[in-house]
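Trainee: I'd like to learn how to read a model like this one. Could you walk me through it?

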Amino acid sequence: MLIAIEGIDGSGKTTLAKELKKWLENEKKKKVLLTAEPFTEEISKLIQEEGWKDPVTLTLLFSADRGVHVNWIMKQNQYDIIITDRYYYSTIAYQSAMGIDKNWIIEVNKFFPKPELTLLLDIPAEIAITRIKKDDKFNFKEKLSLLKKVRENYLEITKNENSIKIINSTKTFEEVLSEAKNYVEELIS
Ligand SMILES: Nc1ncnc2c1ncn2[C@@H]1O[C@H](COP(=O)(O)OP(=O)(O)OP(=O)(O)O)[C@@H](O)[C@H]1O
Ligand SMILES: Cc1cn([C@H]2C[C@H](O)[C@@H](COP(=O)(O)O)O2)c(=O)[nH]c1=O
């Protein structure tokens, strides 16, 4: 079973992924693998060096990285649940915010398995950016306007996807976790 956690930078994905894993292991006695994208060191390096200069290359690099990630996930047979911190909805939301055609991104990613559940942590960019670490590589103003577009794109995607559940991430972490647990509980029961 594949669960994806999505949202703009600083929305709380990594924190939620870790706590969900603990809960599933301790309370539900499930074997859980926590993973994240970008996945490979080699492609992450290319993304840093080349990708940010050009959104087409960036789309292809994130998608190629996903191909390697998915092949690796397929071999992890000992787990009941795999939680991935970011998946193909990140490419659709971010790279279309950078001007790439959404349908082309979907086409490039169409062979990857669809998660049974995606939790979208929704939060205004202005709030998320206050949670992001200070040494972030992006220019602050550029990043704020990009993240606003990315958030809109994520919300647009949810209109056509019943398996994506929106969680208001401006709430306390305890509330966010509780809502996420309810969605996961529905899936595993
Ligand atoms: N609901 C919440 N309310 C307040 N702070 C939160 C909440 N959830 C997470 N945080 C805090 O916000 C910061 C960013 O969280 P986290 O690293 O989980 O976000 P992220 O979405 O994984 O970010 P990125 O995409 O930039 O890696 C952390 O300091 C975390 O403790
Ligand atoms: C998978 C993926 C990621 N991104 C962007 C989103 C973030 O700004 C970084 C990843 O960093 P994180 O804070 O460790 O999550 O990369 C993207 O633009 N497109 C993608 O497909």
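Mentor: We'll take a helix pair, then the two ligands, then a couple of annotated residues. Keep in mind that this is a predicted model.

Trainee: Okay, helices first. How do I describe two that pack together?

Mentor: Two packed helices are described by the angle between their axes and by how far apart those axes are. Here, take α2 (residues 41-49) and α3 (residues 55-74): their axes come within 10 Å and cross at roughly 170°.

Trainee: Which way do α2 and α3 run, roughly parallel or roughly antiparallel to each other?

Mentor: Angles over 145 degrees count as roughly antiparallel, and therefore α2 and α3 are roughly antiparallel to each other.

Trainee: And which residues of α2 and α3 meet?

Mentor: From α2 you have Ile43, Leu46 and Ile47, and they meet Leu58, Leu61, Ala64 and Asp65 of α3. Sorted by class, that contact has six nonpolar residues, no polar ones and one charged.

Trainee: On to the ligands. What surrounds ligand 1?

Mentor: For a ligand, look at who lines it, where they come from and what class they are. Ligand 1 has 14 residues around it, and the closest are Gly12, Lys13, Thr14, Thr15 and Arg131. Helices α1 (13-26) and α8 (173-188) each supply at least two residues of that shell, with α1 giving the largest share, three residues. By class, the shell around ligand 1 has eight polar, three nonpolar and three charged residues.

Trainee: Which helix gives the most to the shell around ligand 2?

Mentor: That's α4 (residues 88-97), with four residues. The full set around ligand 2 is Asp9, Glu37, Pro38, Phe62, Arg86, Ser90, Thr91, Tyr94 and Gln95. These split into three nonpolar, three polar and three charged.

Trainee: Does a database record help here? Which residues does the "binding site" annotation cover?

Mentor: A record is worth laying over the model. The unreviewed UniProt entry puts "binding site" on Gly7, Ile8, Asp9, Gly10, Ser11, Gly12, Lys13 and Thr14. Asp9 is also one of the residues around ligand 2, while Gly12, Lys13 and Thr14 are among the closest to ligand 1.

Trainee: Is Gly10 buried or exposed?

Mentor: Count the neighbours: Gly10 has 21 C-beta neighbours inside 10 Å, so it counts as buried. Gly10 sits in the loop between β1 (2-7) and α1. Leaving aside residues up to four places away in sequence, Gly10 touches Ala128, Ile129, Arg131 and Ile132.

Trainee: What about Thr14?

Mentor: Thr14 lies in helix α1. With 14 C-beta neighbours inside 10 Å, Thr14 counts as partly exposed.

How values were computed
Residues are numbered from 1 along each chain as its sequence is written. Chains are lettered from A and ligands numbered from 1 in the order in which they are written. This is a predicted model: local features need pLDDT of at least 70, side-chain atom pairs count only at pLDDT 80 or more; totals for chains, interfaces and linings use all residues. A residue is near a molecule or strand if its C-beta atom, placed from the backbone, lies within 6 Å of it. Ala, Val, Leu, Ile, Met, Phe, Trp, Tyr, Cys and Pro count as nonpolar, Asp, Glu, Lys and Arg as charged, and the others, Gly among them, as polar. Axes are lines fitted to C-alpha atoms, for helices over the stretch in contact, and angles run from 0 to 180 degrees between N-to-C directions. Angles under 35 degrees count as roughly parallel, over 145 as roughly antiparallel, 65 to 115 as roughly perpendicular and the rest as oblique. Two residues are in contact if their C-beta atoms, placed from the backbone, lie within 7 Å. UniProt positions are given in the numbering used here, feature names are shortened, and annotations may be inferred rather than shown by experiment. A residue is buried if 20 or more other C-beta atoms lie within 10 Å of its own, exposed if 12 or fewer, and partly exposed in between; C-beta atoms are placed from the backbone.
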